[in-house]
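Subject: Structure for your review

Dear colleague,

Please find below the sequence and structure that I am handing over to you. My account of the findings follows directly after them.

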Amino acid sequence: MFLTTEGVFGVPMGVSVSFIYLFVLFGSLLERVGIGQYFINVAFALLGRFKGDIIKASVVASGLTNIVSGSSTANVVTVGIFTILLIKKARLTRVKSGAIEVAAGV
């Protein structure tokens, strides 16, 4: 049952290897190069003077990264490392900061 096309090693594994792995690999490459931190710096330069600047900058940085990567999973992996910590510094809970990043990534 697990070796057929409906099994674990069929279509789900094929999709994981073909698409999800490539997007996560591309996201980690963007993180390694420093694109995520660059987008966060650009967002802070644009929105640093407004009220709620950390959260707004995190949402804009996620949007900018999503333009490059095109994948919400790669976006959360790439920029979420920085932005979730920034949102937590704004005194929001872990759950709220994760929810904001996931919503911004999508």
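The largest nonpolar core consists of seven residues, namely F39, I40, A43, A57, A61, V79 and L86. Helices α2 (35–47), α3 and α4 each contribute at least two residues to this core, and α2 gives the most, with three residues. In soluble globular proteins, nonpolar side chains tend to be buried together. Please bear in mind that this is a predicted model.

Of the core residues, V79 may be examined in more detail. Leaving aside residues up to four places away in sequence, V79 touches G36, I40, A61, S62, T65 and E101. I40 and A61 are themselves members of the core.

Is S58 buried or exposed? This serine, found in helix α3 (residues 53–69), has a relative accessibility of 2%; it counts as buried because that value is under the 20% cut-off. A polar atom of the S58 side chain lies 2.8 Å from the backbone oxygen of I54. Beyond four places in sequence, the residues that S58 touches are T83, L86, I87 and E101. L86 also belongs to the nonpolar core, and E101 is also among the residues touched by V79.

I turn next to the surface. A nonpolar patch is formed there by V11, V15, F19, I20, F23, V24 and V77, which together have about 560 Å² of accessible area. Which helix gives the most to the patch? Helix α1 (residues 11–33) does, with six residues. V77, another member of the patch, is found in helix α4 (residues 72–89). With a relative accessible area of 32%, V77 is partly exposed, because this value lies between the limits of 20% and 50%. Patches are made of residues with over 30% relative accessible area, so V77, at 32%, meets that requirement.

Finally, E31 is found in helix α1 and counts as partly exposed, at 31% relative accessibility. Which residues does E31 contact, once its neighbours within four places in sequence are left aside? They are V77, T78 and I81. E31 is thus in contact with V77, a residue of the nonpolar patch. In addition, the C-alpha atoms of E31 and A74 are separated by 9.7 Å, with the two residues 43 apart along the chain.

When you view the model, S58, V77 and E31 may be taken in turn, following the order above.

Yours sincerely

Key:
Residues are numbered from 1 along each chain as its sequence is written. This is a predicted model: local features need pLDDT of at least 70, side-chain atom pairs count only at pLDDT 80 or more; totals for chains, interfaces and linings use all residues. Side-chain values use heavy atoms; hydrogens and water are left out. Patches are made of residues with over 30% relative accessible area and no salt bridge: like charges are joined within 9 Å, nonpolar side chains (Val, Leu, Ile, Met, Phe, Trp, Tyr) within 5 Å. Accessible areas come from the Shrake-Rupley method with a 1.4 Å probe; for residues, only the protein chains shown count as cover. A salt bridge is a side-chain nitrogen of Lys or Arg within 4 Å of a carboxyl oxygen of Asp or Glu. Helices (H or I, at least four residues) and strands (E, at least two) are DSSP runs, numbered from the N terminus. Buried means under 20% relative accessible area, exposed over 50%, partly exposed in between (1.4 Å probe, protein chains only). A polar contact is a pair of N or O atoms within 3.5 Å; within protein, one must be able to donate a hydrogen and the other to accept it, and residues adjacent in sequence count only if both atoms are side-chain atoms. Contact means heavy atoms within 4.5 Å. A nonpolar core is a set of buried Ala, Val, Leu, Ile, Met, Phe, Trp, Tyr and Cys residues joined through side-chain atoms within 4.5 Å.
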